[in-house]
Amino acid sequence: MNQLLQCNTLKKNYSQTTILNDVTFSLEKGEHFTVVGPSGCGKTTLLRCLAGLEVIDGGDIILNGKSLVTAKPEDRSVVLMFQDALLFPHLTVIENVTYGLKRRKTSKKDRIRQAEEMLEKVKLTRWNNAYPHELSGGQKQRVSLARALVLKPDLLLLDEPFSSLDATLRESLRGEVRELLRQENISSLFITHDRDEAIEMADRLAVMDNGEFIQIGLPYEVVTNPSSIESAMIIGEGMALEEGFIPLNKVSAVNENEMIEPNFISIPGKVTAITVKNNQPCYRVSWEKGTVLVTSRTQLHQGESVYLKAGRGTIKNYINQEKHRRQIQ
Amino acid sequence: MFHSLNIGKKKMTNILIVLLFILLFILPFLTIIMKSFSVGWRWPDLLPNGFGIEGWKIIFRDPSLIEAIFTTIKLALMVVGLNLLLAIPAARALSTYTFHGKSIIEAFLLSPILIPGILIAMGLQFTLIQYGLADRMAGVVLVHLIPTLPYAIRIMRAGYERMGNGLHEQAIVLGAGPLIRFLTVSLPLLLPSIRSLMLLTFVISLGQYALTAIIGGGTVVTLPLLYYPYFSGSNEAVIAGFSIIFALLPLLFIGTAEILLRLVIRAVNRV
């Protein structure tokens, strides 16, 4: 694979507040890169800087070997899909989809053909002449996706495009989007605060906190081996303790009267919900730093005080955060 | 039963609304039309004593009428055009950007509403004389901005705030430059505001007597300058005739502007 995007020490400040602090990463052609982080950590600002909607205060953005720092946003081969579909309300579906093609001086015949093909791919064939107010939320996002993909940009930026949809639709749509991106061979940078969405959409995953990338790696690697307590709390599937991270499959819940062996650690918690996962009862247990969904050998009840138990040997130490940041750079 | 009662109630409300509309808007206009063709119509007579076209004859006998109508339209078009040119960027900047001194600029732009226009015009007259703009169309156009621009900015600003910045940014990332963005996104979505701005500034400019008289110095003769002296006369048919011309001009203007704007929007937004 060839390198598509290289971001070097990106900086962005608003007044005295640092929003992006030396963000450095690269993206290969055809790669799907996801950034996950809590609200307000700088994810959207990062996308807006890449799209040219914000002027960076330092660093460089190189796309296909050329610096984008002085390029006008409308001249970049980068398309941003916003949280809302943002369809032009006075234009029909087909007019919305051909909007960008017209700006690129594609002939009328070609733009209609390309738009119709793309609408077929997003399963909206019969809606060409409908206006946005006649579409459902999911359909609007499909049109927005078609409008972005039809331009065949070098890089598609997706700013939590499914956040306004209900859970079922969100799940089905993200699968379709991933498939379409692969079919069209378009690289993507997807940002989200949803852990599951981040893992599912990513070839590679970056965890962002306070304007910095605190960990980059393969999704499985990041989820099971977070490099710091911050990373563990954002993306880790397990319990983030000060001394290290315990993967979720090593944790179980026990009744508070049960004896705990000395080579196990125990953390007090409370059962807040009972559910079924993989055909067996699971308990959502809240503890000091969050909640976990765990199994138990004994039957537990809602509201019951329990201990979360894990073998001492299962605790994975965090990599020193400073050292890890240097490795990223 | 309840359903048919509801329908009856709704029908009655609609009829009442139509009657109210006729009473408030159509009836006064019809009265003025009738008055312009009347020969003597005194209180408490329900109808005029007779009908004729004397009033209209007097209006059209005035040699400067046609020229005054053209001057008025030319002036009002220039005022509307300048208002659009100034109010659109100003409103966009005020609604989109945050910058130091924004509130001072806002207050300054709206100040002509707070100070009587005639005071500003008196003060401005000396400056306009100095720059050779007094007694000229350009000077009158500039002075007509005083009572119109603050309203124009307010109207456009409300439009931009309603529209938000999202669609604008969406157009940017899809490759639209500033002019195309304005024509394809802002113009169609701001059309209600633009329509209000054009109609309001046209009507305000059309009604200016004092400002035109002070700065125009009698050289720039607009319809009000021709029309107001007739108030001292007793021929109400003439006054009614002038009022009809006054009322028709903005309607004609807004109708033409609407057609032109829609043609432009349709042309730029084709697939």
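A residue is called exposed here when its relative accessible area is over 50%, and buried when that area is under 20%. With that cut-off in hand, this tour goes through a predicted model, beginning with two residues of one helix in chain B.

**First stop: two residues of helix H3 in chain B**

Select Glu67(B), which lies in helix H3 of chain B. Its relative accessible area is 58%, and because that value is over the cut-off, Glu67(B) is exposed. If you then add Arg270(B) to the selection, you have two residues that stand 203 places apart along the chain, with 40 Å between their C-alpha atoms.

Now move to Thr72(B), which also lies in helix H3 of chain B. Is Thr72(B) buried or exposed? Its relative accessible area is 3%, so Thr72(B) counts as buried. Once the neighbours within four places in sequence are set aside, the residues in contact with Thr72(B) are Leu206(B), Thr222(B) and Leu223(B), and showing these three as sticks will display what surrounds the threonine.

**Second stop: the two domains of chain B**

Colour residues 2-51 of chain B as domain 1 and residues 61-268 as domain 2. The centres of these two domains of chain B, taken over C-alpha atoms, are 32 Å apart, and the contact between them draws on six residues of domain 1 and seven residues of domain 2. Together domain 1 and domain 2 of chain B bury about 540 Å², and carbon and sulfur atoms give 79% of that area. Which three residues should be selected on the domain 1 side? Phe29(B), Lys35(B) and Ser36(B) supply 67% of the area that domain 1 of chain B buries against domain 2 of chain B, which is more than any other three residues supply.

Keep Lys35(B) selected and add Glu236(B), since the side chains of these two residues meet in a salt bridge, with 2.9 Å from N to O. Helix H1 of chain B, residues 2-36, gives the most to the side of domain 1 that touches domain 2, with five residues. By class, that side of domain 1 of chain B holds three nonpolar residues, two polar and one charged.

**Third stop: chain A as a whole**

Turn next to chain A, whose secondary structure comes to nine helices and 17 strands. The C-alpha trace of chain A spans about 75 × 45 × 40 Å along its principal axes, and of its 329 residues 52% are buried. Among the contacts in chain A with a separation of 6 or more, 67% join residues that are 24 or more positions apart. To see how chain A is divided, colour domain 1 at residues 3-224 and domain 2 at residues 239-314; the centres of these two domains of chain A, taken over C-alpha atoms, are separated by 38 Å.

**Fourth stop: where chain A meets chain B**

Show both chains together and select the residues in contact, which are 29 in chain A and 23 in chain B. Between them chain A and chain B bury about 2,100 Å², with 63% of it on carbon and sulfur atoms. The count of residue pairs in polar contact between chain A and chain B is six, with both residues at pLDDT 80 or more. On the side of chain A that touches chain B, the elements giving two or more residues are H1, E6, H2 and H3 of chain A, and H2(A) gives the most, with seven residues. That side of chain A has 17 nonpolar, three polar and nine charged residues.

How many salt bridges cross the interface of chain A and chain B? The rule finds one, and to see a salt bridge between these chains, select Arg48(A) and Glu169(B), whose closest N and O atoms are 2.6 Å apart.

**Last stop: helix H7 of chain B**

Stay with Glu169(B), which is one of the buried residues of H7(B). Helix H7 of chain B runs over residues 166-173 and is mostly covered, with seven of its eight residues buried. Select Leu167(B), His168(B), Gln170(B), Ala171(B), Ile172(B) and Val173(B) as well, since these also are among its buried residues. What do the buried residues of H7(B) pack against? In chain A their partners are helix H1, strand E6, helix H2 and helix H4, and in chain B they are helix H3 and helix H8. Finally, step just past the end of H7(B) to Gly175(B), which takes a positive phi of about 100°.

Methods:
Residues numbered from 1 in each chain as written. Chains lettered and ligands numbered in written order. Predicted model: local features only at pLDDT ≥ 70, side-chain atom pairs only at ≥ 80, totals over all residues. Heavy atoms only, no water. Buried < 20%, exposed > 50% of the residue type's maximum accessible area, 1.4 Å probe, protein only. Helix = DSSP H or I, 4+ residues; strand = E, 2+ residues; numbered from the N terminus. Contact = heavy atoms within 4.5 Å. Domains from an automatic or database assignment. Buried area = accessible area lost by both parts, 1.4 Å probe. Salt bridge = Lys/Arg side-chain N within 4 Å of Asp/Glu carboxyl O. Polar contact = N/O pair within 3.5 Å; in protein donor to acceptor, adjacent residues only side chain to side chain. Nonpolar A, V, L, I, M, F, W, Y, C, P; charged D, E, K, R; others polar.
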